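Biologist: I'd like a close look at the empty space inside this protein. Could you walk me through it once the model is up?

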Amino acid sequence: MRIDRIIADTPAPAEALFPKWRGREPLEPHRAEVEQRLAARFPQLSDHATDAAFDRFEAAHPAAPVHRYNQVPAKAAAQVAMLPPEVRAAWVCALMLRHMARFDAAFAATGLPDEFALHYVDQFHRILDSIDSEPEFAALESDTFLKDLWLTRLVMIPAFAQMWWPRSGLSARTILKAGPRAIAYVFLECGGRDRFLEGHTHDPVARAYWNAPGWAEALRLAALALPALPQVRGAFGSAWFYDPAVLEITPRISFTQDLQAGQGALRIRVGSDADAIANATRTSATRRERYRDGSYLPTDYAFIWSRKRLIARYGA
């Protein structure tokens, strides 16, 4: 199989950077074992987990060039809701297992450089562990699960500290509000406000990869992916930790900004809302206290990279 050759022969910086990376571990034996155990645990699953049912579920999802990964079409959600409650999660797990079984041909169709196969394999081993230990994680209401589902579809792109969603676009309102410099950068430098890679933090891998090497790899891999995505105009991310005020409050995560500010990306203010406040204060007593005493208002900022500048800075 082509994937076996890639796993054996393709160099990857991850081996030296991340001790828990599993990109070279054989995938199919692990996948087959988990599939077997899932079937034994849910005897009714075989009555529902058919190719025709899976194809119908996948056909309900949009083929639009820009859409959100975490909005499940009503028709697809209704199909899962009609299943017996005790097999719903297992059914979606079986769908992911089918995607992994077809990885060899599906990856070749993406056009992505071979190194990405290794990073998908790394993620698949983690997903297989989740299916094996707690298949109930596969809930269509879960943002975390939906990232994993789109990973098995080879649409979401794994890149350590970030998962890159290639079907995103920039908000016209946000760009206009940011002013002339942002308007010029997006519409002249980038050529428009969609499509873009959008970076997302993925909680299941944050402990291992949300660090300075993981962020540097995220940007390098975004640049590496772009030649296979000619319709994508660049990359962006929006988060509370891009706020310049965070450098003074939580300097240990300065790498999220240092790798981008002054490197070719444009930073713009997005604004503060309940989500920005909740995200910024959830894991830090210091940020919570600063917010409560009025000395810090969690605020989202965005970094926007044009295709040309990201490749020039982080491409090979």
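How much space lies in the largest cavity?

Modeller: Bear in mind that this is a predicted model. About 40 Å³ of space lies in that largest cavity. Its walls are made by Phe57, His61, Tyr69, Gln71, Val72, Leu140, Leu146, Leu149, Trp150 and Arg153. Helix α9, residues 143–152, gives the largest share of that lining, with three residues. Sorted by class, the lining of the largest cavity comes out as seven nonpolar, two polar and one charged.

Now for the rest of the enclosed space. The count is two cavities of 30 Å³ or more, and the second largest also holds about 40 Å³. Around the second largest cavity you'll find Trp164, Trp215, Leu219, Ala235, Phe236, Gly237, Tyr242, Gln260 and Trp305. Two elements, α13 (212–225) and β4 (234–239), each put at least two residues into that lining, and β4 has the largest share, at three. By class, the lining of the second largest cavity has seven nonpolar and two polar residues, with no charged ones.

Then there's the open space. The largest pocket has a volume of about 1,600 Å³. A total of 49 residues line the largest pocket, and if you want to find its centre, look for Gly199, His200, Ser238, Ala239 and Asn279, which lie nearest to it. Strand β2, residues 162–169, gives the most to this lining, with five residues. The class split for the largest pocket is 18 nonpolar, 18 polar and 13 charged.

For a look at packing, turn to a helix pair. The axes of α6 (residues 88–101) and α8 (residues 115–133) come within 11 Å and cross at roughly 150°. An angle over 145 degrees counts as roughly antiparallel, so that is how α6 runs relative to α8. The crossing of α6 past α8 is left-handed. On the α6 side, the contact is made by Cys93, Met96, Leu97 and Met100, and α8 answers with Phe124, Ile127, Leu128 and Ile131. In that contact of α6 with α8, eight residues are nonpolar, with no polar and no charged ones.

Key. Residues numbered from 1 in each chain as written. Predicted model: local features only at pLDDT ≥ 70, side-chain atom pairs only at ≥ 80, totals over all residues. Heavy atoms only, no water. Axes fitted to C-alpha atoms, helices over the stretch in contact; angles between N-to-C directions. Helix = DSSP H or I, 4+ residues; strand = E, 2+ residues; numbered from the N terminus. Parallel < 35°, antiparallel > 145°, perpendicular 65-115°, else oblique. Left-handed = near helix turned anticlockwise from the far one by under 90°. Contact = heavy atoms within 4.5 Å. Nonpolar A, V, L, I, M, F, W, Y, C, P; charged D, E, K, R; others polar. 1 Å grid on protein atoms, 1.4 Å probe; cavity = no way out; pocket = protein on both sides within 12 Å on 5 of 7 lines; lining within 4 Å. Points joined across faces, edges and corners; volume = space filled by probe spheres on them.
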